Amino acid sequence: MARDEQLYEVATTEFSKGKIDRGLLAKARVLVAGEEQAVEWKYVELRVQQMKADKISRYGKASKDAVEIIAPALGRFIWHFGKTLALAILILGMIVGALSFFGVNI
């Protein structure tokens with residue numbers, strides 16, 4: 001089942017069980033000009049839009065939280081990698097210098 005269909009199923013189940021957002025129901029009534037037969041379907045449509053918006057806002061918050069965690073860790077990794085690389089270059093330079101001192105051509 002596709003994502004939209006799952007959201008519609010959730011919304012219709014909520015409506016049939018009476019788990020209704022009263023403000024959203026009022027909006028649905030206004031949008032269908034009080035036509036009672038269309039209220040439930042408009043409510044379901046609005047509820048699906050609301051669930052999609054909630055998912056998007058949660059995703060955005062999760063992304064921001066991830067950046068706040070990953071950025072400092074990445075900074076530390078780059079700092080330590082840079083120090084390790086500098087140390088490796090220093091050691092390699094010392095080895096090349098020692099070999100040159102003893103007359104070994106490389």
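Q: What share of the 106 residues of the protein chain counts as buried?
A: In this predicted model, 15% of the 106 residues are classed as buried.

Q: And how much surface does the chain expose?
A: The protein chain exposes about 8400 Å², of which carbon and sulfur atoms supply 66%.

Q: Which helices and strands are there, and in what order?
A: The protein chain has three helices and zero strands. From the N terminus on, the order is α-α-α.

Q: Is that chain spread out or a compact globule, and why?
A: The chain is more spread out than a compact globule, because its radius of gyration is 31 Å, well over the 13 Å that the globule rule gives for 106 residues. Along the principal axes, the C-alpha atoms fill a box of roughly 95 × 25 × 20 Å.

Q: What about contacts between residues at least 6 apart in sequence?
A: Of those contacts, 49% join residues at least 24 apart.

Q: Changing topic: how many aromatic pairs are there?
A: The count comes to three aromatic pairs. One of them is Phe77 with Phe81, a stacked pair at 6.0 Å centre to centre, with 20 degrees between the planes.

Q: Where do Phe77 and Phe81 sit in helix H3?
A: Phe77 and Phe81 are four residues apart in helix H3 (residues 36–101), so about one helical turn separates them. Phe77 counts as exposed at 52% relative accessibility, whereas Phe81 is partly exposed at 48%.

Q: Why is the pair of Phe101 and Phe102 edge-to-face?
A: Their ring planes stand at 80 degrees, so the pair is edge-to-face, with the centres 5.2 Å apart. Phe101 and Phe102 are both exposed.

Q: Finally, how far apart are the mean positions of the positive and negative charges?
A: The mean positions of the 15 positive and 12 negative charges lie 9 Å apart.

Terms used:
Residues are numbered from 1 along each chain as its sequence is written. This is a predicted model: local features need pLDDT of at least 70, side-chain atom pairs count only at pLDDT 80 or more; totals for chains, interfaces and linings use all residues. Side-chain values use heavy atoms; hydrogens and water are left out. Helices (H or I, at least four residues) and strands (E, at least two) are DSSP runs, numbered from the N terminus. The radius of gyration is taken over C-alpha atoms; the globule rule is 2.2 Å times the number of residues to the power 0.38. Buried means under 20% relative accessible area, exposed over 50%, partly exposed in between (1.4 Å probe, protein chains only). Contact means heavy atoms within 4.5 Å. Accessible areas come from the Shrake-Rupley method with a 1.4 Å probe; for residues, only the protein chains shown count as cover. Lys and Arg count as positive and Asp and Glu as negative; His and the chain ends are not counted. The place of a charge is taken as NZ of Lys, CZ of Arg, CG of Asp or CD of Glu. Rings of Phe, Tyr and Trp (its six-membered ring) pair if their centres lie within 6.5 Å; planes under 30 degrees apart count as stacked, over 60 as edge-to-face and the rest as tilted.
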